[in-house]
Amino acid sequence: MPDPNGHRSPTAPYLAEGPRTALRRFTEADAAEFTARARESRTLHHPWLFPPERAAAYAAYTETLARDPAREGFLIVERGEGGGSGEGGADGAIAGFININNIVLGGFRCGALGYGAFAHAAGRGLMGEALGLVMGLAFGPLGLHRLEANIQPGNAASIALVRRAGFRLEGFSPDFLHIDGAWRDHERWAITAPAAEAA
């Protein structure tokens, strides 16, 4: 339910918490805020990322995350101090998302990250903290050994994010993913559980 400032209180329990951010699952109640943030962030995201901007697309997106055993979806929310006003937003305001896609278990135990900050949260260090929380879940309760991030070479902010988190550049994949109407080259970044522990 929105508060007078337009932010909702969390409707689902936190899966992990840091000083400024927390992770929780996507819910139906997040549709209006998430899609509004996605529309506000078009300029920031283009041409790298296209999160759902309408309720129907959000419903399809979150249903896939909930039903596909090869995916884990995490909504990043701000944790304001003193019960409400953190820098840039109230407690519980959606700052972005991080998903682990293409999870393969067995001898591989790997997943590929997909993520985005919303414009109001960009450049404030929230994604770095949230990525650390996701890594803790991935290498802890989810039992993964390796996380990958495939990033277009021109996406300097995304490359800086994973580099700060300890990911290493492993290679270059031409025509790797079809995004925005064309096959795009990607750099392959990755981290393993032992490397994350050592960092």
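In this predicted model, a search of the whole structure for aromatic pairs finds 8 of them. One of these joins Phe34 and Phe118 in an edge-to-face arrangement, with 5.1 Å from centre to centre and 85 degrees between the planes. The two partners belong to distant parts of the chain: Phe34 sits in helix H1, which covers residues 31–40, while Phe118 lies in the loop between S7 and H4, and 84 residues separate them. Phe34 has a relative accessible area of 0%, and Phe118 likewise has a value of 0%. Since buried means under 20% relative accessible area, Phe34 therefore counts as buried, and so does Phe118. Both rings also take part in one aromatic cluster, formed by Phe26, Phe34, Tyr58, Tyr61, Phe97 and Phe118.

The chain as a whole gives the setting for this pair. The protein chain contains 6 helices and 10 strands, and 46% of its 199 residues count as buried. Among contacts in the chain with a separation of 6 or more, 60% are between residues 24 or more positions apart.

The buried interior can be followed through its nonpolar cores. In soluble globular proteins, nonpolar side chains tend to be buried together. Here the largest nonpolar core holds 31 residues, and those with the most contacts inside it are Leu23, Ile98, Ile100, Leu113, Tyr115, Leu147 and Phe167. At least two residues of this core come from each of strand S3 (72–78), strand S6 (94–104), strand S7 (110–117), helix H4 (126–139), strand S8 (146–151), helix H5 (156–164) and strand S10 (182–192). Of these elements, H4 gives the most, with 9 residues. Phe167 shows how such a core residue is surrounded: leaving aside neighbours within four places in sequence, Phe167 is in contact with Leu113, Leu131, Met135, Leu147, Glu148, Ala149, Val162, Trp189, Ala190 and Ile191. A second core, separate from the largest, has 12 residues, including Ala31, Leu75, Ile94 and Phe118. Phe118 thus appears in the aromatic cluster and in this second core.

The pockets come next. The largest pocket has a volume of about 1200 Å³. It is lined by 42 residues, of which Trp48, Leu49, Gly114, Tyr115 and Gly116 are the closest to its centre. Tyr115 is also among the residues with the most contacts inside the largest core. Helix H2 (42–45), helix H3 (55–67), S6, S7, H4, S8, H5 and strand S9 (168–179) each supply at least two residues of the lining, and S7 gives the most, with 6 residues. By residue type, the lining of the largest pocket divides into 24 nonpolar, 14 polar and 4 charged residues.

The second largest pocket has a volume of about 260 Å³. Of its 15 lining residues, Phe26, Thr62, Glu63, Leu65 and Ala66 are the closest to the centre. Phe26 is also a member of the aromatic cluster. The elements giving two or more residues to the lining of this pocket are H3 and S3, and the largest share, 7 residues, comes from H3. This lining divides into 7 nonpolar, 3 polar and 5 charged residues. Helix H3 contributes to the lining of the largest pocket as well.

Methods: Residues are numbered from 1 along each chain as its sequence is written. This is a predicted model: local features need pLDDT of at least 70, side-chain atom pairs count only at pLDDT 80 or more; totals for chains, interfaces and linings use all residues. Side-chain values use heavy atoms; hydrogens and water are left out. A nonpolar core is a set of buried Ala, Val, Leu, Ile, Met, Phe, Trp, Tyr and Cys residues joined through side-chain atoms within 4.5 Å. Buried means under 20% relative accessible area, exposed over 50%, partly exposed in between (1.4 Å probe, protein chains only). Helices (H or I, at least four residues) and strands (E, at least two) are DSSP runs, numbered from the N terminus. Contact means heavy atoms within 4.5 Å. Rings of Phe, Tyr and Trp (its six-membered ring) pair if their centres lie within 6.5 Å; planes under 30 degrees apart count as stacked, over 60 as edge-to-face and the rest as tilted. On a 1 Å grid over the protein atoms alone, a cavity is a set of points where a 1.4 Å probe fits but cannot get out, and a pocket is an open set with protein on both sides within 12 Å along at least five of seven lines; lining residues have an atom within 4 Å of a point. Grid points are joined across faces, edges and corners, and a volume is the space filled by probe spheres set on the points. Ala, Val, Leu, Ile, Met, Phe, Trp, Tyr, Cys and Pro count as nonpolar, Asp, Glu, Lys and Arg as charged, and the others, Gly among them, as polar.
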